[in-house]
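Me: I should like to learn how to read the features of a protein model, one at a time. Please begin with a pair of residues on neighbouring strands, and give the general idea wherever there is one.

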Amino acid sequence: MVARKFLVRHDDSTFTVDYDTDDGFEVFQFQLFSLTSIPPDEQKIVGEDNDRIVSDDSDLSAVSEKLQLLSITADEARKPEKQEESTSSTAGASVMSDEELARMLQAEEEALMLQQYVASDNSMEFEQKVRPYISQVLLYEDPARQEAARKTVPVDTLEEKAFVSLAKEGNLKPSKIEQDHAFLLQLLFWFKKSFSWVNAPPCDGCGNETTGQGMGDALPSEIQYGATRIELYRCNSCSRVTRFPRYNDPLKLVETRKGRCGEWANCFTFYCRAFGYDSRLVLDFTDHVWTECYSEALGRWMHLDPCESIYDRPLLYEKGWKKKLNYVIAIAKDGVYDVTKRYTRNWNEILSRRTITTESSLMSVLTSMTKECRRNCTSQVLSVLEERDKIEREALERDLLSTDDAQIYLPGRQSGDKQWRIARSEFGTDSLNSSTCEVRICRDEHVTKIYNAFSSILHKFVEDSLIASKGVEVLKILRATVVDLKKLPYKKRRASLKSNSIVGTSLLHRLLPSFKEFLIALSLKSELDSNGTVTVCLAGDPVPTALALPVALHALDELISDLSKCDNLSKGSLTFPLLRLNRICSGAVLASGEELPFGIATAAFDGTRMSKWEEPNGAKGCWISYKVSGNMQELISYELMSANDAPERDPMDWVVEGSNDGGSNWHVLDERRSQMFDKRFQRNTYNIKSTGFLSNIFRFRFLAVRDSGTNPRLQVGSIDLYAKQS
């Protein structure tokens with residue numbers, strides 16, 4: 001451990017920052033964020049003695065103690081208008097140096113020169129590969145087919161999930177463009193779960209495993225739906241032969257819902273068109289297919305791979321799968337496009353493999369096919385398309401110069417049989433993670449409100465002298481109502497509180513006032529009709545209810561379990577963890593790493609079992625920090641919950657620390673060794689051993705997981721922090 005003291009000047013203030021070099025540069029950035037409120041991704045740190053830009057640990061160790069902190073956003077705002085214009089196209093992207101650019105251009109020139117000797121001027125082979133896909137994508141435009149496809153999608157459910165995903169980011173009033181973007185991602189996630197990957201189909205007769213027997217002749221009923229290739233498989237048990245037609249008709253694939261990457265991308269691109277997204281089918285000549293959609297929210301084309309359920313990661317194939325790409329061609333109803341440059345940072349290497357035809361011949365045939373596709377377009381539509389083409393060409397050239405993704409690590413192929421992936425040299429690694437993790441704000445006030453709301457219910461039980469078992473039955477009625485509400489369309493949620501033989505109507509009515517705080521936490525209200533029926537319904541915007549219902553369901557499960565263990569229900573028994581009061585919420589979170597998009601750091605604080613924080617490289621050490629949003633707090637206890645799967649990833653050893661100076665110095669609050677979670681979704685409670693210390697940041701340093709020998713990851717289902725009541 002090496003400690004250094006830095007004097008950091010920002011605007012008119014100077015801060016002293018004590019820095020432990022073992023913590024790493026990201027922690028130093030988080031300390032500055034705590035002191036200045038400038039997020040790490042907007043920080044520009046400069047050594048005052050030599051104007052050196054500080055961007056990693058080595059820079060930090062080489063500069064003097066005097067630093068200046070600038071906000072990139074503010075710095076950009078001060079630039080002259082002309083400079084803004086010249087840099088606007090590369091905003092947010094790190095561009096390679098002049099020396100790197102010169103080397104790249106030289107290599108590209110050499111590759112083009114070599115191509116003239118090995119590539120043919122004849123573009124027929126290239127055109128024969130691409131042209132069949134033009135007629136295929138035109139099938140997506142049939143209104144009747146689109147309507148049939150939309151009927152197979154749970155639109156209300158995906159719309160609800162889209163709104164909830166935005167609400168978790170603090171966006172409760174999204175624009176139509178933001179809604180459309182979020183819905184597209186939910187469509188991708190749903191498609192991954194609803195479509196089946198086929199290595200070898202199960203036997204049509206007995207359902208057992210089969211072995212490939214080669215190809216067969218297509219039947220007229222199969223040719224009708226574009227299946228000219230028929231794979232045959234013999235059952236390993238009953239010897240029956242099962243046919244696997246490789247259908248090309250997207251509507252037929254909506255029915256069968258199975259195939260490999262060709263069927264997956266074909267069907268998903270069709271779904272995208274059915275919901276009105278500008279979409280392309282993307283053909284990779286090295287044997288893969290995926291989708292691109294134009295995102296109005298991003299203002300650009302976005303990569304989506306339905307097989308992997310991954311989006312906006314165009315370097316997945318070159319960097320993750322280690323593919324040796326050559327041609328990546330996007331086909332849409334309005335044109336055919338060479339988008340290879342979006343999927344590479346090694347353009348000169350790719351040029352050396354583009355030997356089917358010369359670049360000039362390639363451009364000529366693409367232009368010709370695009371003109372064919374647009375021959376019926378109006379002049380107004382053509383103008384819009386040509387402007388979009390121009391913007392995209394500029395973006396593709398710009399992407400080649402970007403170094404933003406140098407530290408992004410991408411996974412090998414996940415879809416398909418393991419041995420098949422290895423044989424294709426696409427196995428790669430098993431994680432998708434980013435080496436840098438942005439500061440995220442927890443939108444979890446509703447979780448704390450739900451936990452607090454149980455206090456009035458339990459105190460009413462005590463006041464009315466209910467025994468614990470009867471209290472459990474009341475909570476089960478409340479739980480059944482929450483389940484009923486969750487099953488309904490999110491805009492029409494309305495359900496009844498139903499009494500039973502143990503909890504009668506009169507008791508339910510007497511307890512109803514104590515439910516009020518719980519219902520408010522869920523943005524619900526109760527209504528009592530003339531027949532004595534209590535109805536629970538929406539109190540306003542349905543999105544906060546959609547966000548809170550899963551939390552309420554899981555919290556009720558745990559409260560029912562805890563109350564079932566009580567022998568006597570009395571005022572003295574209403575203690576932690578039966579009552580989980582004063583939960584800290586709405587803080588800022590930073591972690592050593594996170595799984596994208598389903599294992600982000602804030603998932604540890606969202607109060608639901610359906611998510612988790614996952615650190616892809618955390619098995620032998622990682623951390624997560626939580627910055628309090630308001631006044632400093634004294635942590636008195638915390639809870640950790642195991643995640644949904646993989647017990648080997650459970651945390652086993654950890655240290656909990658607090659800081660009262662924004663992260664410059666840390667005080668050990670608790671330390672645990674050899675902790676075990678016996679089951680999934682198990683919530684363990686820990687009392688702080690070192691009390692009395694006020695903190696504005698808390699940090700968990702996870703030192704080891706249950707099994708780090710064969711597992712590189714750590715995962716946590718949830719973390720709840722509880723402060724001393726003032």
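Reply: Let us begin with Val-8, whose bridge partner in strand E5 is Leu-67. Please keep in mind throughout that this is a predicted model.

Me: How many bridges join E1 to E5, and do the strands run parallel or antiparallel?

Reply: E1 and E5, the latter comprising residues 66-71, are joined by 3 bridges and run parallel. E1 is also joined to strand E2 (residues 13-20), here by 8 bridges and in the antiparallel sense. Within that second pairing, Lys-5 stands opposite Asp-18 of E2.

Me: Which residues of E1 form the covered face, and which the uncovered one?

Reply: The general idea is that side chains in a regular strand alternate between the two faces of the sheet. In strand E1 (residues 3-10), the covered face consists of Arg-4, Phe-6, Val-8 and His-10. The uncovered face consists of Ala-3, Lys-5, Leu-7 and Arg-9. Val-8, with which we began, thus belongs to the covered face, while Lys-5 belongs to the uncovered one.

Me: What should I notice about the hairpin of E1 and E2?

Reply: The hairpin has 2 residues between its strands, and Asp-11 takes a positive phi near 55°. As a general matter, most residues other than glycine have a negative phi.

Me: Where in the model is Ser-523, which has a positive phi?

Reply: Ser-523 lies in the loop between helix H21 (516-521) and strand E21 (524-528). Its phi is about 55°, although it is not a glycine. Its relative accessibility is 21%, so Ser-523 counts as partly exposed. Ser-674 also has a positive phi, near 55°. It is found in the loop between strand E28 (667-672) and strand E29 (683-687). Ser-674 counts as exposed because its relative accessibility is 55%.

Me: Which peptide bond is cis, and what is its omega?

Reply: In general, most peptide bonds are trans. The bond from Phe-576 to Pro-577 is cis, with omega near 10°. Pro-577 sits in the loop between helix H22 (542-564) and strand E23 (588-591).

Me: How should I read a sheet, for instance the one that contains E7: in what order do its strands lie?

Reply: It is an open sheet of 3 strands in the order E7-E8-E9, with antiparallel pairing. Strand E7 (210-216) and strand E9 (241-245) stand at the edges; each has a single partner strand, so one side of each is left without a neighbour in the sheet. Neighbouring strands of this sheet are turned against each other by 30° on average, direction ignored. Strand E8 (residues 230-235) pairs with E9 over 5 bridges, and Tyr-233 has Thr-242 as its bridge partner in E9.

Me: Why does the length of helix H12 agree with what is expected?

Reply: H12 holds 14 residues (261-274), which at 1.5 Å a residue should span 20 Å; the end C-alpha atoms are 20 Å apart, so the two values agree. This helix is mostly covered, with 13 of its 14 residues buried. H12 is followed by Gly-276, whose phi is positive, near 85°.

Me: How many disulfides are there, and why does Cys-272 not form one?

Reply: The count is 0 disulfides. A disulfide requires two cysteine sulfur atoms within 2.5 Å. The closest cysteine sulfur to that of Cys-272 is in Cys-293, 3.6 Å away, which is too far for a bond. For Cys-267 the closest cysteine sulfur is in Cys-272, at 9.9 Å, and this is also too far for a bond. Cys-267 counts as buried because its relative accessibility is 1%; Cys-272 counts as buried at 0%.

Me: What is the volume of the second largest pocket, and which residues are closest to its centre?

Reply: The second largest pocket has a volume of about 680 Å³. It is lined by 22 residues, of which Tyr-337, Asp-338, Met-363, Leu-366 and Arg-393 are the closest to its centre. Strand E16 (335-338), helix H15 (359-373) and helix H16 (379-401) each supply at least two residues of this lining.

Me: How far apart are Leu-556 and Leu-478, in sequence and in space?

Reply: They are 78 residues apart in sequence, while their C-alpha atoms are 8.3 Å apart in space. Leu-556 belongs to helix H22, and at 0% relative accessibility it counts as buried.

Conventions: Residues numbered from 1 in each chain as written. Predicted model: local features only at pLDDT ≥ 70, side-chain atom pairs only at ≥ 80, totals over all residues. Heavy atoms only, no water. Buried < 20%, exposed > 50% of the residue type's maximum accessible area, 1.4 Å probe, protein only. Helix = DSSP H or I, 4+ residues; strand = E, 2+ residues; numbered from the N terminus. Expected span 1.5 Å × (residues − 1). Pairing = 2+ DSSP bridges. Axes fitted to C-alpha atoms, helices over the stretch in contact; angles between N-to-C directions. 1 Å grid on protein atoms, 1.4 Å probe; cavity = no way out; pocket = protein on both sides within 12 Å on 5 of 7 lines; lining within 4 Å. Points joined across faces, edges and corners; volume = space filled by probe spheres on them.
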